[in-house]
Amino acid sequence: LDAQGNTVAGVIDDLVERLDLSRLFEGPAFERIAFALAATVLAPLCEEVAFRGHLASALHSRHRPAVAVGSSALLFALLHLDPLRGPSLVLLGALYGWLAWRTGSVWPAVLAHATNNGIASALALLLGDHPDAAEEPTFWMAMSGVAVGAVAVALALAAFRVATPPPPPPAPLPLVDGRA
């Protein structure tokens, strides 16, 4: 029990209810579609330019790639102010950061971010008025979603590897005293 007499489960339930993003899709159809478009187009563009463009570039100039990608991913997750989705946001931010670092362009990260948000928005729009949408997902439903997501990420990474040329071999180290 906390100071107000709430149980831990009650506090967690309250937090889940307050941070439920599906409520954004409860308004009139025009508002839901406008929000879905903003979440799919504007948010990825602005966030990726800020985090993988400006911030990551500044971090890459002073730190190793892993530090730059990890730091920008952590700050990306913190910006969302959502402790429930925080761990997944860190992972997504790391994936977007790796894409931007590996390609040297922010656009693959924008596309990946827009795809993620677009799928979530489409599901919210399609299932928002569905009578079974209020039903809590089972463990197996959740694991099916994770499996589908893992397969989608694996396919996207495979396509990325096929589409991008390998990096050039590292240059040999210069001789210090002229001997081999």
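Helices and strands are taken here as DSSP runs, of at least four residues for a helix (H or I) and at least two for a strand (E), numbered from the N terminus. On that basis, Thr-164 falls in the segment that follows helix H6 (139-163). The structure described is a predicted model.

The secondary structure of the chain consists of six helices and zero strands, which gives the pattern α-α-α-α-α-α when read along the sequence. The mean pLDDT of the chain is 80, and 78% of the residues score at least 70. Confidence is lowest in helix H1 (residues 8-18), with a mean of 67, and highest in helix H3 (residues 65-79), with a mean of 93. Where pLDDT is low, the predicted coordinates should not be read in detail. Of the 180 residues in the chain, 19% are classed as buried. Among contacts between residues at least 6 apart in sequence, 61% link residues at least 24 apart.

Helix H2 spans residues 29-60. This helix has 32 residues and extends 43 Å from its first C-alpha to its last, close to the 46 Å expected at 1.5 Å a residue. A kink of about 35 degrees is present in H2, with its centre on Ala-39. Ala-39 also belongs to the set of buried residues of H2, which comprises in addition Arg-32, Ala-36, Thr-40, Pro-44, Glu-47, Glu-48, Phe-51, Arg-52, Ala-56 and Leu-59. An α-helix has 3.6 residues a turn, so residues three or four places apart point the same way. The cover over the buried residues of H2 includes H3, H4 and H5. Phe-35, also in H2, is not among the buried residues, because its relative accessibility of 32% places it in the partly exposed class. The C-alpha atoms of Phe-35 and Ser-121 are separated by 8.5 Å, although the two residues are 86 apart along the chain.

The largest nonpolar core contains seven residues, namely Phe-51, Phe-76, Ala-77, Leu-89, Tyr-96, Ala-100 and Ala-109. Two or more residues of this core come from each of H3 and helix H4 (86-103), and H4 makes the greatest contribution, with three residues. In soluble globular proteins, nonpolar side chains tend to be buried together.

Two members of the core illustrate its surroundings. Phe-76, located in helix H3, is classed as buried because its relative accessible area is 1%, under the 20% cut-off. When neighbours within four places in sequence are left aside, the residues in contact with Phe-76 are Glu-47, Glu-48, Phe-51, Arg-52, Leu-89, Gly-93, Tyr-96 and His-113. The C-alpha atoms of Phe-76 and Ala-50, 26 residues apart along the chain, lie 9.4 Å from each other. For Ala-109, with neighbours within four places again left aside, the contacts are Glu-48, Arg-52, Tyr-96, Leu-99 and Ala-100. Of these, Tyr-96 and Ala-100 are themselves listed in the core.

His-113 lies in helix H5 (residues 107-127) and is buried, with a relative accessible area of 3%. Its side chain forms a polar contact of 3.2 Å with the side chain of Glu-47, a buried residue of H2. Beyond neighbours within four places in sequence, His-113 is in contact with Pro-44, Glu-47, Glu-48, Phe-76 and Tyr-96. Among these partners, Phe-76 and Tyr-96 belong to the nonpolar core, whereas Pro-44, Glu-47 and Glu-48 are buried residues of H2.

Residues outside the helices were also examined. Leu-81, in the loop between H3 and H4, has a positive phi of about 50 degrees although it is not a glycine. Leu-81 is classed as exposed because its relative accessible area is 67%, over the 50% cut-off. Gly-104, in the loop between H4 and H5, is likewise exposed, at 67% relative accessibility. Gly-104 and Ser-57 are 47 residues apart in sequence, with a C-alpha to C-alpha distance of 9.9 Å. Thr-164, in the segment after H6, is partly exposed, with a relative accessible area of 22%. The C-alpha atoms of Thr-164 and Arg-102 are 9.6 Å apart, with their positions 62 residues apart along the chain as the sequence separation.

Definitions and conventions. Residues numbered from 1 in each chain as written. Heavy atoms only, no water. pLDDT = per-residue confidence, 0-100. Core = buried A, V, L, I, M, F, W, Y, C linked by side-chain atoms within 4.5 Å. Buried < 20%, exposed > 50% of the residue type's maximum accessible area, 1.4 Å probe, protein only. Contact = heavy atoms within 4.5 Å. Polar contact = N/O pair within 3.5 Å; in protein donor to acceptor, adjacent residues only side chain to side chain. Expected span 1.5 Å × (residues − 1). Bend = angle between axes of the 7 residues up to and from the residue.
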